[in-house]
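Let's take a walk through this model, one region at a time. Keep the structure open and turn it as you read.

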Amino acid sequence: MELQQDPTLLWFMAIYAIVMIGIGVFMSKKVAGSEDFVLAGKSLGPFVLMGTLLATWTGSGSISGGETSMAFSYGILPSFMMMLPTLVGIIILYVIAPKIREQGKFTVAGILEAKYGRTARNLASVIIILAYVGIVSYQMKGFGFILNLTTGMSVAAGTMIGAGMIIFLAMIGGLRSVSQTDAISGFLMVGGLIITVPTIFIVAGGWSEIVANVPESHMNATGGLTTIQMIGYLLPSLFLLLGDQNMYQRLASSKGNKAAKRAQLGWLIAMIVISPSISLIAFASRSLFPNIDPGMALMATTVAMPVAIGGILLAAAASFIITTGNSYLLSAATNLTYDLYKNYVDKDASDKKLLGMTRIFIVVLGLLAFVIISYFPTVLSVQMYAYTVYGAGLTPAVLAVFFWKRVNVIGGVSSMVAGVVATLTWEVLLQKPFEVNSVVVAVPVAVIVLIVGTLLTTNNYQSREATSNA
């Protein structure tokens, strides 16, 4: 089938954009201070919290990378497997959510400082900003894909428009407005996908016709990938989720542990619906449009379906991209404000000034994200890089705070350094040997350094600590 633009779909995009901007402006008037801006005043109930967890996690990484690119490039079974890390991660977060709330920190770097000291906080802030700016960048490009499909506008121009929306919605009301737009977007996406799956299968001629039109390898368990390559695609999302500052901030912003638990269970159930649905739609798209960019697989189906259904799916996809982008942008700006600016530039900054600086940093980092996306050939490539920098650099040290009391400063900080160095060495210096993603090397290195560093220095470190406290 030939891929043709349908500008009519822009009406659905326009309605979505107007609603989101309206909610953002309305909620911004309720922001009373920096805690309101960053943690929504710790007022989120289970319904809104579930929506914002869902929408924050499922963005362009799934719509243009993740399950979509995997289904198009390697087949349905590898794409289905992309759901497993998310489900495992949600279950683990469910266990540690009460401990996260007890920490009462604005950032993951703050949690790490309490255990490992200021050096860990500074290093964590840099890692988070590097990773999150990368994540924001491919949300912008995902939005560019949408406008390219609907109007024929260049992806670059569409990316610029996406950047503007992401920056504006993050800046206007912080988590107070982002959480509300996330909730609406989350439920819009679930509904849109449920309607789309049977429709696109009818359009594509049914399962047998789809299978007949895809490469034979796309029906294999790994789609032609080796086991180690498959693991390289699965681990980054797991380790990002387990240490994701966005998730920690949202769990900390809930009304209480009961609300957080209900929200996480709802999130788990929603992901069991969303992730396979995205895989099936993108797999059908491989049959219909074999020559498009893998990142466009899901959104390309919008022009092949009845306008009403295609428009709903398009608006839903756009909503996830925008909400994920502004969430990660807000989170990265929070690190700049509270971990770096407040500690080293203006220690006595008023609450009003911190709020203002957070908004300024949102704009600065948003513009940086727009520049960065031009250096990566595909959404999937920047996704794997950003996930691994974060997952290897932070997650082992973060999880150790909750699960291993014995871990010490040397083990934690050394693990963070080792994870980042291993990622950059594998990706930049060695140019990703054997087409294996760096997570396969970087995460084991970070974990080993964490354990060995702690065990080898525990006695000496405790002796020095006892002496300093004497």
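Start with a pair of helices. Helix 5 (residues 66-73) packs against helix 14 (residues 257-288) at an angle of about 35°, and their axes lie 8 Å apart. Before going on, bear in mind that this is a predicted model. The crossing of these two helices is right-handed. On the helix 5 side, the contact is made by E67, T68, A71 and F72. Helix 14 brings S275, I278, S279, A282, F283, S285 and R286 to the contact. So what sort of residues meet where helix 5 packs on helix 14? It's a mix: 5 nonpolar, 4 polar and 2 charged.

Now move along to helix 8, which covers residues 108-116. Among its residues, V108, A109, G110, I111, L112 and Y116 are buried. Right after helix 8 comes G117, and its phi is positive, near 100°.

Two of those helix 8 residues turn up again in the nonpolar interior. The largest nonpolar core has 149 residues, and L112 and Y116 are among the members that touch the most others. I63, Y248, W267, L298 and L394 share that distinction. Which helix gives this core its largest share? That's helix 16 (residues 307-345), with 18 residues. Apart from this core lies another one, of 6 residues, including M82, L225, M230 and L234. As background, nonpolar side chains in soluble globular proteins tend to be buried together.

It's worth zooming in on Y116 for a moment. Setting aside neighbours within four places in sequence, Y116 is in contact with A397, A400, V401, V407, N408, V409, G412 and V413. Of these partners, V409, G412 and V413 fall within helix 20, which spans 409-429.

Follow helix 20 to its end and you reach the loop that leads to helix 21 (439-469), where Q431 has its place. Q431 isn't a glycine, yet its phi is positive, at about 60°. Is Q431 buried or exposed? Q431 is exposed, with a relative accessible area of 58%.

E435 is found in the loop between helix 20 and helix 21 as well. Here, too, a residue other than glycine takes a positive phi, near 60°. With a relative accessibility of 54%, E435 counts as exposed, because the cut-off for that label is over 50%.

Technical notes. Residues numbered from 1 in each chain as written. Predicted model: local features only at pLDDT ≥ 70, side-chain atom pairs only at ≥ 80, totals over all residues. Heavy atoms only, no water. Axes fitted to C-alpha atoms, helices over the stretch in contact; angles between N-to-C directions. Helix = DSSP H or I, 4+ residues; strand = E, 2+ residues; numbered from the N terminus. Left-handed = near helix turned anticlockwise from the far one by under 90°. Contact = heavy atoms within 4.5 Å. Nonpolar A, V, L, I, M, F, W, Y, C, P; charged D, E, K, R; others polar. Buried < 20%, exposed > 50% of the residue type's maximum accessible area, 1.4 Å probe, protein only. Core = buried A, V, L, I, M, F, W, Y, C linked by side-chain atoms within 4.5 Å.
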